[in-house]
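Here are my notes from going through this one. Have the viewer open alongside, and take the points in order.

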Amino acid sequence: MEPNNRLPPPLDCSNLAKDWPSWKRSFVLYMIANNKLGGDEREKLATFLWLAGKQATEIYNAIFPSDGSPDALLGTIKKLQTSECKQRTLDEVIKAFDDYCAPQRNA
């Protein structure tokens with residue numbers, strides 16, 4: 001099967017509670033269609049950040065501040081290229097985004 005070259009659009013961060021679940025489904029479908037779920041975790045995370053876009057990368061750096069730098073996008077790329085970066089899994093990052101994007105509910 002030929003890889004699917006249709007990319008999900010960058011994550012619209014204006015209404016994360018509404019847009020994150022739909023974007024996440026598109027991302028997972030893209031990863032399945034392109035046989036990327038079995039790959040290296042750094043490659044999966046880099047694919048996630050690349051497709052999610054700059055605003056989502058800034059959210060990633062807010063969630064995982066030790067992985068970032070003042071230049072959020074460049075800092076993340078440099079960290080991903082080095083072995084000193086704590087190896088995060090795509091599942092960890094998606095769970096963190098689920099928690100971050102979930103609307104706060106009053107008890």
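**Notes on the model**

1. Starting with a charged pair: Asp 40 makes a salt bridge with Arg 42, where the closest N and O atoms lie 3.9 Å apart. The term here means a side-chain nitrogen of Lys or Arg within 4 Å of a carboxyl oxygen of Asp or Glu. Asp 40 is partly exposed at 37% relative accessibility, and Arg 42 is partly exposed as well, with a relative accessible area of 33%. For these labels, buried is under 20% relative accessible area, exposed is over 50%, and partly exposed is in between (1.4 Å probe, protein chains only).

2. Before going further, the ground rules. This is a predicted model, in which local features need pLDDT of at least 70 and side-chain atom pairs count only at pLDDT 80 or more, while totals for chains, interfaces and linings use all residues. Residues are numbered from 1 along each chain as its sequence is written, and side-chain values use heavy atoms, with hydrogens and water left out.

3. How far can you trust it? The mean pLDDT (the predictor's confidence in each residue, from 0 to 100) is 82 for the protein, and 72% of the residues score at least 70. The stretch to watch is residues 69-73, where pLDDT stays under 50 and the model has six contacts beyond four places in sequence. Contact means heavy atoms within 4.5 Å. Where pLDDT is low, the predicted coordinates should not be read in detail.

4. On the overall layout, the protein has five helices and zero strands, so from the N terminus the order reads α-α-α-α-α; both element types are DSSP runs, with helices being H or I over at least four residues and strands being E over at least two, numbered from the N terminus. Of the contacts with a separation of 6 or more, 60% join residues 24 or more positions apart. Buried residues are 36% of the 107 in the protein. The accessible surface is about 7100 Å², with 53% of it belonging to carbon and sulfur atoms; areas come from the Shrake-Rupley method with a 1.4 Å probe, and for residues only the protein chains shown count as cover.

5. Which residues have the most contacts inside the largest nonpolar core? They are Trp 20, Trp 23, Phe 27, Phe 48 and Phe 97, in a core of 23 residues. Two or more residues each come from α1 (16-33), α2 (41-52), α3 (54-63) and α5 (90-101). A nonpolar core is a set of buried Ala, Val, Leu, Ile, Met, Phe, Trp, Tyr and Cys residues joined through side-chain atoms within 4.5 Å. Click on Phe 27 to see this: leaving aside neighbours within four places in sequence, Phe 27 is in contact with Pro 8, Lys 44, Thr 47, Phe 48, Leu 51, Leu 90 and Ile 94.

6. Lys 44, one of those partners of Phe 27, is worth a second look. Lys 44 is buried, with a relative accessible area of 9%, and its side chain meets that of Glu 41 in a salt bridge (2.7 Å, N to O). Glu 41 is partly exposed at 22%. The two are three residues apart in helix α2, which means about one helical turn separates them.

7. The structure holds six salt bridges, including one between Asp 19 and Lys 18, with the closest N and O atoms 3.3 Å apart. Here the two ends differ in cover: Asp 19 is buried at 16% relative accessible area, whereas Lys 18 is exposed at 59%. Side chains of opposite charge can pair when their charged atoms come close.

8. Taking a disulfide as a pair of cysteine sulfur atoms within 2.5 Å, the count is zero. Cys 13 is in no disulfide, and the nearest cysteine sulfur is that of Cys 101, 7.4 Å away. Cys 13 is buried at 17% relative accessibility, and Cys 101 is buried at 5%.

9. Two loop residues to finish. Gly 53 sits in the loop between α2 and α3 and is buried at 12% relative accessibility. The C-alpha atoms of Gly 53 and Pro 10 are separated by 4.9 Å, with their positions 43 residues apart along the chain. Asn 35, in the loop between α1 and α2, is exposed at 70% relative accessibility. Phi of Asn 35 is near 50°, a positive value in a residue other than glycine. Most residues other than glycine have a negative phi.
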